[in-house]
Amino acid sequence: MSASSPVSASASPPSASASAASAPDTPTVASPAPAPTQAELLDFVRRTAADAELIASLPLDPEGRTWVRLAGPGGSEAWLIGWPPGTGTGWHDHADSIGAFLTAAGELTENSLAARLPTDGWKTLELTDGVDRARRLPAGRGRAFGRHHVHEVLNESTDRHAVSVHAYFPPLPRIRRYSRTGQTLRLEQVERPEDWQ
């Protein structure tokens, strides 16, 4: 993770011309770094999860999830999250952000929907059969996902914390939270960054 300056001064090339020699230096604006891809976010969470000292530094709480914000690649948002036994996120999506996460310790389960939902203008949807997916993610396993990916992440252990690393780009503009009863998915709440930072 290297910082780059958005503006760099550029010296004019040497010139025999008097007018060129007297021209002031012109700053050039560096091109913004390209947006990280899903694969790059997954690589970042994999490398971060391998940092045993960082993972061990996360305070774990027996009652609720804990988290620390990290510097992600290319302007992405990243988090180190601790999961006590029996905790989870509930159904949610990350709006227009792509992302990746990986279990660094313990084991997590991801339940997701293999269907793209409408982005706006609905409160309740009836899901068709066959859209449910489940993944067990032991330490060292993770996944990347695209925009509007609806999922829930759970630590189903009864006695062991889990720790994971997450990254999103662009930084999360909102999280939509859902309730689910059978095949009915209902939009319950929209959270903005100020709600969780």
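The lining of the largest pocket divides into 10 nonpolar, 5 polar and 3 charged residues. I open with that division, and I should say at once that the model under discussion is a predicted one.

Let me stay with the pocket for a moment. Its space amounts to about 310 Å³. In total, 18 residues line the largest pocket, and those nearest its centre are Arg 65, Ile 81, Tyr 168, Ile 175 and Arg 177. Which elements give two or more residues to this lining? They are strand S4, residues 77-83, strand S11, residues 151-154, strand S12, residues 162-169, and strand S13, residues 175-181. Several of these strands will return as I proceed.

I turn first to strand S12. How many of its 8 residues are buried? The count is 8 of 8, so S12 is largely enclosed by the rest of the structure. The burial concerns both faces of the strand. On one side are Ala 162, Ser 164, His 166 and Tyr 168, and on the other are Val 163, Val 165, Ala 167 and Phe 169, all of them buried. Tyr 168, I would recall, is one of the residues that lie nearest the centre of the largest pocket.

Next, the pairing of S12. Strand S4 pairs with S12 in the antiparallel sense, over 7 bridges. Within S12, the residue that stands opposite Glu 77 is Tyr 168. Strand S6, residues 98-105, also runs antiparallel to S12, and 7 bridges join the two. Here Ala 100 stands opposite Ala 167 of S12.

Ala 100 leads us on to strand S10, residues 142-145. The bridge partner of Ala 100 in S10 is Ala 144. S6 and S10 run antiparallel and are joined by 4 bridges. What do the side chains do along S10? They alternate: Arg 143 and Phe 145 point to one face and are buried, whereas Gly 142 and Ala 144 point to the other face and are not. On the slide, this may be set beside S12, where both faces are covered.

I come now to the charged side chains. As a general matter, side chains of opposite charge can pair when their charged atoms come close. In this model the count comes to 10 salt bridges, and I shall go through three examples.

The pair of Arg 136 and Glu 107 forms a salt bridge in which the closest N and O atoms are 3.2 Å apart. This pair links distant parts of the chain, with Arg 136 in strand S9, residues 132-138, and Glu 107 in strand S7, residues 107-113, at a separation of 29 residues. Are these partners buried or partly exposed? Arg 136 counts as partly exposed because its relative accessibility is 47%, and Glu 107 is likewise partly exposed, at 32%.

Strand S9 also holds Asp 132, whose side chain meets that of Arg 180 in a salt bridge, at 2.5 Å from N to O. Again distant parts of the chain are linked, since Arg 180 lies in strand S13, 48 residues from Asp 132. With a relative accessibility of 37%, Asp 132 counts as partly exposed.

The salt bridge between Arg 177 and Glu 191 has an N to O distance of 2.7 Å. Arg 177 belongs to S13 and Glu 191 to strand S14, residues 184-191, the two being 14 residues apart along the chain. Glu 191 is at 12% relative accessibility and therefore counts as buried. Arg 177 also takes us back to the opening topic, being among the residues nearest the centre of the largest pocket.

Some salt bridges share partners: Glu 107, Arg 136 and Glu 156 are joined in this way into one network.

Two further buried residues deserve a mention. His 92 lies in strand S5, residues 91-93, and counts as buried because its relative accessibility is 5%. Its side chain makes a polar contact of 3.3 Å with the side chain of Thr 89, and another, also of 3.3 Å, with that of His 94. Glu 152 lies in strand S11 and is buried, with a relative accessible area of 14%. Between the C-alpha atoms of Glu 152 and Ala 134 the separation is 9.7 Å, and the two residues are 18 apart along the chain.

To close, I return to S12: this strand gives two or more residues to the lining of the largest pocket, and it is joined to both S4 and S6 by antiparallel pairing. Thank you.

Technical notes. Residues numbered from 1 in each chain as written. Predicted model: local features only at pLDDT ≥ 70, side-chain atom pairs only at ≥ 80, totals over all residues. Heavy atoms only, no water. 1 Å grid on protein atoms, 1.4 Å probe; cavity = no way out; pocket = protein on both sides within 12 Å on 5 of 7 lines; lining within 4 Å. Points joined across faces, edges and corners; volume = space filled by probe spheres on them. Nonpolar A, V, L, I, M, F, W, Y, C, P; charged D, E, K, R; others polar. Salt bridge = Lys/Arg side-chain N within 4 Å of Asp/Glu carboxyl O. Buried < 20%, exposed > 50% of the residue type's maximum accessible area, 1.4 Å probe, protein only. Pairing = 2+ DSSP bridges. Polar contact = N/O pair within 3.5 Å; in protein donor to acceptor, adjacent residues only side chain to side chain.
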